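Thanks for sharing this one. Here are a few comments to read alongside the coordinates.

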Amino acid sequence: MDLQIKEITEDQATDVDDRLMEYYEKYSGECPEGDIRFGLFDQDRLIGGVLASVADFAICYVNTVYVDPEYRRSGCGRHLVSELEERARNIGANIVHLSYFDFENANGADFYRRLGYEEVGGYKTDQYSEHFF
C-alpha cells in the first residue's frame, strides 16, 4: 500500500458522505432529513431565531438558538426551543443535540436544564467552555 493524505474535491467529499450514509443505514434504517430555520419577530423586527438540521440516526442537530439581549428572560428562548422540538418531531427526529459556549450566555446551562435537557459533556479552554446537551 502507498497511503497518502490529500485534499479532496467537492464531488469526492459528497462520495465519502454518501458512503457513510450507506453504512449508517445498515444500522439505523433510512433516516429522516430536513433543515429547520425560523425566526421570532416583534412586529416586523427579527429578534431571534433557530437554525438546525435533522440527519444521521434521526437526530436534530441545533446550530443556533438566538434571542436579542433585550428580549432574553421573557420566554422568547423557551418559545423558540418549543417550536424547534415540534418541527424536529414533525420531520422524524427523536433526539435533539445542542451545545452552547459560556461566553454566549452565562445562564445557558440553567436555561436548557429548565427545559428538560441533560448536559452530557463539554470541554474547557483558557478562553471559554462549550457544553453539550
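The points below go from the core to the cysteines, then to a small sheet and a buried aspartate.

1. A word first on what we are looking at: this is a predicted model. Please read every value below as computed from that model.

2. Let's begin with the core. The largest nonpolar core contains 26 residues, and the members with the most contacts inside it are I36, C60, L84, Y112 and Y117. Two or more residues each come from β1 (34-42), β2 (45-55), β3, α2 and α3 (108-114). The largest share belongs to α2, which supplies five residues.

3. C60 deserves a closer look, being among the core residues with the most contacts. Its relative accessibility is 0%, so C60 counts as buried. Beyond its neighbours within four places in sequence, C60 touches I36, A52, S53, V54, L84, A88, A93, I95, V96 and H97. Two of these partners, I36 and L84, are also on the list of core residues with the most contacts.

4. Which cysteine sulfur is closest to that of C76? The answer is the sulfur of C60, but the two are 20 Å apart, which is too far for a bond. For a disulfide, the sulfur atoms would have to lie within 2.5 Å. Searching the whole structure turns up zero disulfides. C76 is itself buried, with a relative accessible area of 12%, because anything under 20% falls in that class.

5. Next, a small sheet. Three strands form an open sheet in the order β5-β7-β6, and their pairing is antiparallel. Why do β5 (99-101) and β6 (121-124) each have one side without a neighbour in the sheet? Both stand at the edges, and each has a single partner strand, so one side stays unpaired there. On average, neighbouring strands of this sheet are turned by 10° against each other, with direction ignored.

6. Within that sheet, β5 and β7 (residues 129-132) run antiparallel and are joined by three bridges. If you want a spot to inspect, F101 sits opposite E130 in β7.

7. Finally, is D68 buried or exposed? D68 lies in the loop between β3 (59-67) and α2 (76-91), yet its relative accessibility of 13% means that it counts as buried. The side chains of D68 and R45 are joined by a polar contact of 3.1 Å. Setting aside neighbours within four places in sequence, D68 is in contact with R45, L46 and I47.

Definitions and conventions
Residues are numbered from 1 along each chain as its sequence is written. This is a predicted model: local features need pLDDT of at least 70, side-chain atom pairs count only at pLDDT 80 or more; totals for chains, interfaces and linings use all residues. Side-chain values use heavy atoms; hydrogens and water are left out. Helices (H or I, at least four residues) and strands (E, at least two) are DSSP runs, numbered from the N terminus. Buried means under 20% relative accessible area, exposed over 50%, partly exposed in between (1.4 Å probe, protein chains only). A polar contact is a pair of N or O atoms within 3.5 Å; within protein, one must be able to donate a hydrogen and the other to accept it, and residues adjacent in sequence count only if both atoms are side-chain atoms. Contact means heavy atoms within 4.5 Å. A nonpolar core is a set of buried Ala, Val, Leu, Ile, Met, Phe, Trp, Tyr and Cys residues joined through side-chain atoms within 4.5 Å. Two strands pair if DSSP finds at least two bridges between them. Axes are lines fitted to C-alpha atoms, for helices over the stretch in contact, and angles run from 0 to 180 degrees between N-to-C directions.
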